[in-house]
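Dear colleague,

I am passing on the structure we spoke about, and below it you will find an account of what came out of going through it. Please read the two side by side.

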Amino acid sequence: MDEFDFIVVGAGSAGCVLADRLTENGRYSVLLLEAGGSDMNPWIKMPAGYGKTFYDPAVNWRFEAEPDPGTGGRKSYWPRGKVVGGSGSINALVYFRGLPGDFDDWRDAGATGWGWDDVRPHFEAIERPVDTMGRARGAGPLAVRDVSDQIHRANRHFFAAGGELGVPINDDYLESTAEGIFVYRINTSKGMRCSSADAFLRPALKRRNLKLVTRALVNRVLFENGRAARIEYSRGGQTVSARARREIVLSAGSVSSPGILQRSGIGPGRLLQDMGLPVIHENANVGGNLQDHLAISYYYKATEPTLNNVLSPWWGKALCGLRYVLTRKGPLSLSVNQSGGFLRSDPGRARPDQQIYFNPVTYTTTRAGTRTVINPDPFPGFIISFQPARPTSRGRIDIRSPNPADAPAIRPNYLATDQDCRDVVAGGRLIQSFVRTAAMRRLIQEAMPPDLAGMDDAGILADFRERCGTVYHPVSTCAMGPDPTRAVVDPLLRVFGVEGLRVVDASVFPNVTSGNTNAPTMMVAHRAAAMILKPS
Ligand SMILES: Cc1cc2nc3c(=O)[nH]c(=O)nc-3n(C[C@H](O)[C@H](O)[C@H](O)COP(=O)(O)OP(=O)(O)OC[C@H]3O[C@@H](n4cnc5c(N)ncnc54)[C@H](O)[C@@H]3O)c2cc1C
């Protein structure tokens, strides 16, 4: 049986950072187990490959949530990366730390050591901001690219609309509070995706003290005298076990980390008994407290060319492909999200409460058998979207069986609080103010139904319930906190009730940050590694 100092489960956004940090000083051996395979895949490396990996079972768990009352009983599709790099290998590449107040909220809720002043140095340590000329500021491994020179010119109408509304244009949101509108920074280097696997894992794999095992599906943690001692996983039809001398760290993400804990006997007592699993430590919070962001898009036909004109015809695709191959530039080197920002729907709000997106493209998704194809529309068009930044509803994720190959039951419980419904209406009103500006009216030829312009508060909410979708930011299913009756891990990310076991991924967020969750997940892993290596 293999023996290591640390065993990390999941080579995703968090796991790759941990694998790097824990092996850097050369003192400890680390085994990194990943259920998926290699990320050496052109659709992962090319940013526009997003549309391909979004449904590809070779790299994607393709989960589906239960019918949700808050969204009209609809089931939502939950892509998650099943590949080295995890969801960071299939995500939309937007880099956003979160608002400083998000982390002060964490601290104020009892997550000591996780306030903005505590976490900021960890963001700075992982980032290497690169400007439009290719000049780097900072020495972190993760490229954070300013692509404001490359976005489609239709974006100028969005910025002009913001100007009419008196919204600040924020040229460098890494260096500020991130309020205002801006071009999203993305994780690319030389036109290719720079995931945490590229930035952290790949260089670390040169070290002899790091071993990565792919296609290893972890079942459970095995305990000896209350201490996490071994990990059990299957590979190539065999059940294998490995021993950890120091610690086991679960970084399987918000959907899977709670399942591994539950199968290991840590979770709601009733659930474990129903599954015939031994109870090591009863904790109803394992899988609970789930939060996620929802967004809605409004589609418009445009009066001038947008990316549709470039990407819809076959010859346009061919030209973009050629340009990408020759120069690593052009639309295929960019995220599907180009510009947007963080705004207060009402000046009385203490901080921005809505994230918005402007994308100079519209598309149609078609299913052909098991294949799903996303195609830009054959006419100029654009999308404007919003996402309430800090939802308060909480759902659950639980295993359905003791078999790790069975998908869990995801119950998001979206839009279950009055606050969340009010925030949706506020977001809809904010977008209405954008589309009514002279700048946007110049760009809009016609709204593609349903038209937001004529909606009242009830209409905005009803439409949101009917059409909104997840933006793939599930968090908090193994939430950290000081109180074992309300959390799963303590502020040092140690699992309550046992020894030698931590969770380090997006599942430990006490609550969802205001924006995209990849950057804060990597920050959590960077900070966690420092805590593991230098126990206080
Ligand atoms: C389609 C999509 C678009 C997104 N867009 C953005 C964006 O633009 N910007 C942004 O900031 N965030 C975005 N996100 C969210 C962001 O990518 C995630 O928040 C982040 O990657 C979470 O990191 P993690 O380490 O918690 O989990 P993951 O990165 O998902 O890693 C978990 C890893 O564990 C592995 N694993 C799971 N179970 C097991 C098991 N039993 N045994 C072994 N291995 C296992 C998985 O295969 C995976 O590799 C997006 C996510 C998706 C899915």
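Four elements, namely α1 (13-23), β11 (217-224), α8 (253-263) and α15, each supply at least two residues of the shell around the ligand, and among the contributors α8 gives the most, with four residues. Please keep in mind throughout that this is a predicted model. The ligand is surrounded by 44 residues, of which the closest are G10, G12, G86, N516 and N518. By class, the shell around the ligand divides into 21 nonpolar residues, 19 polar ones and four charged ones.

Helix α1, one of the elements in that shell, is mostly covered, since eleven of its eleven residues are buried. The buried residues of α1 include S13, G15, D20 and T23, and what covers them includes β1 (2-9), β2 (30-33), α7 (196-204), β10 (210-213), β13 (238-250) and α15. R21 is also found in α1, and this arginine counts as buried because 22 other C-beta atoms lie within 10 Å of its own, where 20 or more are needed. Not counting residues up to four places away in sequence, R21 touches H526 and A529.

Turning to the domains, the domain assignment of the chain gives domain 1 (1-101 + 192-291 + 395-410 + 473-536) and domain 2 (148-184 + 294-388 + 415-467). The C-alpha centres of domain 1 and domain 2 lie 31 Å apart, and the contact between these domains takes 18 residues from domain 1 and 22 residues from domain 2. On the side of domain 1 that touches domain 2, the elements that give two or more residues are α3 (50-53) and α4 (100-108), and that side has eleven nonpolar, seven polar and no charged residues. For a sense of distances across the chain, the C-alpha atoms of R21 and A462, which are 441 residues apart along the chain, are separated by 47 Å, while those of S433 and R21, 412 residues apart along the chain, are separated by 46 Å. S433 itself lies in helix α12 (residues 418-435) and is partly exposed, with 15 other C-beta atoms within 10 Å.

As for the interior, the largest nonpolar core has 133 residues, and those with the most contacts inside it are I7, V9, L18, A19, I231, V504 and V508. Helix α15 (residues 518-533) gives the most to this core, with eight residues, and the core draws at least three residues from each of domain 1 and domain 2. If we leave aside its neighbours within four places in sequence, I231 is in contact with I7, V9, L33, V218, V221, S241, A242, A244 and I248. Apart from this core lies another one, of seven residues, among them A65, V255, L290 and I410.

Strand β16 (residues 294-302) deserves a separate paragraph. Which of its side chains are buried, and which are not? Those of L294, I296, Y298, Y300 and A302 point to one face and are buried, whereas those of A295, S297, Y299 and K301 point to the other and are not. β16 runs antiparallel to each of three strands that pair with it: six bridges join it to β21 (residues 381-388), four bridges join it to β24 (residues 444-448), and two bridges join it to β25 (residues 469-470). Within these pairings, Y300 stands opposite F382 in β21, K301 stands opposite E446 in β24, and the bridge partner of L294 in β25 is T470.

Finally, a few points of backbone geometry. The peptide bond from P449 to P450 is cis, with omega near 0°, and P450 lies in the loop between β24 and α14 (457-467). Phi of R62 is near 50°, a positive value in a residue other than glycine; R62 lies in the loop between α3 and β3 (63-64) and counts as partly exposed, with 15 C-beta neighbours inside 10 Å. L415 has a positive phi as well, of about 55°, although it is not a glycine. The place of L415 is in the loop between β23 (409-411) and α12, and with 23 C-beta neighbours inside 10 Å this leucine counts as buried.

With kind regards

Technical notes:
Residues numbered from 1 in each chain as written. Predicted model: local features only at pLDDT ≥ 70, side-chain atom pairs only at ≥ 80, totals over all residues. Core = buried A, V, L, I, M, F, W, Y, C linked by C-beta atoms within 7 Å. Buried ≥ 20, exposed ≤ 12 C-beta atoms within 10 Å, placed from the backbone. Domains from an automatic or database assignment. Contact = placed C-beta atoms within 7 Å. Near = placed C-beta within 6 Å. Nonpolar A, V, L, I, M, F, W, Y, C, P; charged D, E, K, R; others polar. Pairing = 2+ DSSP bridges.
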